[in-house]
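Me: I am new to this one. Please walk me through the terms used for it, and show how each one is earned.

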Amino acid sequence: MDNATEGYLKFRCGEHRAIESCAKIVKNGGVIIYPTDTVYGMGCDPFNDKAVERVFFLKCRVAEKALPVLAASLSDLEDIVEVSERVKRLARSFWPGPLTIICPLSNRNISPRLTANKSSLAVRIPGNPCTLALLKLTRYMVGTSANISGHVSIKSPSQINSTSLASFDALLDGGALNTYSHSTILRLDDGDETLTVIRNGPISESEIDEALRTPR
């Protein structure tokens, strides 16, 4: 760990107790920046409304835009959203990985800011070992990109100080990220079994369709 002159603590994924320290910050209501399998994310405890409000403020994000929640396991996600058989099929095929699925919300203790006061929540299990280790301790984290809304996403810790981001509590340094630029986002409607791709990404609609058709 470094006591950063920028005003936030710095941890490295390979450091002894770095994950535990970052998990403690999240559980105490802090906001951290951390690596994922796509870009660097900004996160906090999704049950802490004040922390979630702070993430919106730091990103200059409008309240009408919802934010996703990350977890380390499907069983954890089943405690906050309704997980259908079709979601389970996609989870077996693509999680951990760059696929975000919008599911009906079941746990009303989640900050309503994350859903933009809607009845659904976007969820994902990321494929980054450092972040998965962190999620095993925090169980859940907000998973928005670490950038001012509308600005370029951050792929390396060296980019952070060149942005307007400020007043977060810690950075978990996982090095430069060279995989995906963002995740595919989709919504499944089990009422009529429709599938809507909200954002195209590394997992194509044809791959999703094939995973849903394949017997498991």
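The turns below take the terms one at a time.

Reply: Keep in mind that this is a predicted model.

Me: How do you know that C13 and C130 form a disulfide?

Reply: Look at the sulfur atoms. The S to S distance between C13 and C130 is 2.1 Å. The cut-off is within 2.5 Å. So the pair counts as a disulfide. By this rule the count comes to one disulfide.

Me: What makes the link of C13 and C130 left-handed or right-handed?

Reply: The turn about the S-S bond decides. For C13 and C130 that turn is -90°, and the link is left-handed.

Me: What parts does the pair tie together?

Reply: C13 sits in the loop between strand 2 (9–12) and helix 1, while C130 belongs to helix 5, so the pair ties together parts 117 residues apart in sequence.

Me: Why is helix 1 called oblique to helix 5?

Reply: Start with the angle. The axes of helix 1 (residues 18–27) and helix 5 (residues 129–138) cross at roughly 50° and come within 9 Å. Angles under 35 degrees would be roughly parallel, and 65 to 115 roughly perpendicular. Roughly 50° fits neither range, so helix 1 is oblique to helix 5. The crossing is right-handed.

Me: Which residues make the contact between helix 1 and helix 5?

Reply: Helix 1 brings I19, E20, C22, A23, V26 and K27. Helix 5 brings C130, A133, L134, L137 and T138. By kind, the contact residues are eight nonpolar, one polar and two charged.

Me: How do you know that strand 6 and strand 11 pair?

Reply: Count the bridges. Pairing needs at least two. Strand 6 (residues 99–104) and strand 11 (residues 184–189) have four, in the parallel sense. So they pair. One of the bridges sets L99 against T184 in strand 11.

Me: What makes the pairing of the six-strand sheet mixed?

Reply: Both senses occur. Strand 6 and strand 11 are parallel. Strand 11 and strand 12 (residues 194–199) are antiparallel, over five bridges. There, L186 stands opposite V197 in strand 12. Strand 6 and strand 7 (residues 120–124) also run antiparallel, joined by four bridges. In that pair, I102 has A122 as its bridge partner. The strand order of this open sheet is 8-5-7-6-11-12.

Me: Why are strand 8 and strand 12 called edge strands?

Reply: Strand 8 (140–142) and strand 12 each pair on one side only. Across the sheet, neighbouring strands are turned by 30° against each other on average, direction ignored.

Definitions and conventions:
Residues numbered from 1 in each chain as written. Predicted model: local features only at pLDDT ≥ 70, side-chain atom pairs only at ≥ 80, totals over all residues. Heavy atoms only, no water. Axes fitted to C-alpha atoms, helices over the stretch in contact; angles between N-to-C directions. Helix = DSSP H or I, 4+ residues; strand = E, 2+ residues; numbered from the N terminus. Parallel < 35°, antiparallel > 145°, perpendicular 65-115°, else oblique. Left-handed = near helix turned anticlockwise from the far one by under 90°. Contact = heavy atoms within 4.5 Å. Nonpolar A, V, L, I, M, F, W, Y, C, P; charged D, E, K, R; others polar.
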